[in-house]
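This briefing looks at how the side chains of one protein chain come together in its interior, and at how two of its helices pack.

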Amino acid sequence: MHIQDSHWSTASSASALAPGGTLSAAVGGGREVSRTTPLRVDAQRNLEHVLRAAREVFGELGYGAPMEDVARRARVGVGTVYRRFPSKDVLVRRIAEEETSRLTDQARTALGQEDEPWSALSRFLRTSVASGAGRLLPPQVLRVGVADEDTVADEARVPHQRTQPGGGELRLLTEPGTPAGADDDAGAAALLEVVGQLVDRARAAGELRPDVSVSDVLLVIATAAPSLPDAAQQAAASTRLLDILLEGLRSRPSA
């Protein structure tokens, strides 16, 4: 698994591109205010190239990959990348937010279209692994754990989240001193909530091992999508690895 931590800081006085191709400016407190100025056609095309390249590079090398690698993959100058995203943290946040949203949509689709609990969980895992989104999950989602009495009060609490089998409330865990924006927490909490519903349904039906948690499911997504140079080999390896992991997640009748 290539997912690495980033400082996840927000530039306080630089311009960046908001989703949808409009300009946004970072103001005090890390908030972004959108402007209505549309991008020129060539600027929009460059933005799409940069975002596509960033997904590929970060997916292969983790969020620790340098911006120069993104620029080379996008076939633009590194200055072009920095004009679109004034810091690497801004680009990382954009990619992580998009991938978290994509996973949340996939989980909701599986929850809404599959009546059988195991089929819903299995569909979500297969769709998510095939999309490769797990390699781009933000670090705080992958560090989901059980909070104990010593957990600091200001850690992001997941609303309405189910408890882990061992007891305790699920929280988003961050490294000490690592800032996380409200939008990041909201997106991650939405993902954890809907995946929690998939896990609860499968566990209640007796089809999921009782010790499997939401964090286990997210780790499956993150680890079952290896990055290989050959697309066919990557697809075959992902399918094989996921089959094995699904067998490990499934409950077995007691002898």
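What follows covers the nonpolar cores and then one helix pair. The model is predicted, and its largest nonpolar core holds 32 residues, of which Phe 124, Leu 125 and Val 195 touch the most other members.

**Nonpolar cores**

- At least two residues of the largest core are supplied by each of helix H4 (88-113), helix H5 (117-131), helix H7 (182-204), helix H8 (214-223) and helix H9 (231-249), and the largest share, eight residues, comes from H7.
- Phe 124, leaving aside its neighbours within four places in sequence, is in contact with Leu 103, Gln 106, Ala 107, Ala 110, Val 195, Leu 198, Val 217 and Ile 221.
- Another core, of 22 residues, lies apart from the largest one, and its members include Val 57, Met 67, Val 90 and Val 92.

**Packing of H5 and H9**

- The axes of H5 and H9 are 11 Å apart, and the two helices pack at an angle of about 150°; because angles over 145 degrees count as roughly antiparallel, H5 is roughly antiparallel to H9.
- The crossing that H5 makes with H9 is right-handed.
- On the H5 side the contact is formed by Trp 118, Ser 122, Leu 125, Arg 126 and Val 129, which meet Ser 238, Leu 242, Asp 243, Leu 246 and Leu 249 of H9.
- By residue class, the contact of H5 with H9 comprises six nonpolar, two polar and two charged residues.
- Leu 125, one of the residues that H5 brings to this contact, is also among the three that touch the most other members of the largest core.

How values were computed: Residues numbered from 1 in each chain as written. Predicted model: local features only at pLDDT ≥ 70, side-chain atom pairs only at ≥ 80, totals over all residues. Heavy atoms only, no water. Core = buried A, V, L, I, M, F, W, Y, C linked by side-chain atoms within 4.5 Å. Buried < 20%, exposed > 50% of the residue type's maximum accessible area, 1.4 Å probe, protein only. Helix = DSSP H or I, 4+ residues; strand = E, 2+ residues; numbered from the N terminus. Contact = heavy atoms within 4.5 Å. Axes fitted to C-alpha atoms, helices over the stretch in contact; angles between N-to-C directions. Parallel < 35°, antiparallel > 145°, perpendicular 65-115°, else oblique. Left-handed = near helix turned anticlockwise from the far one by under 90°. Nonpolar A, V, L, I, M, F, W, Y, C, P; charged D, E, K, R; others polar.
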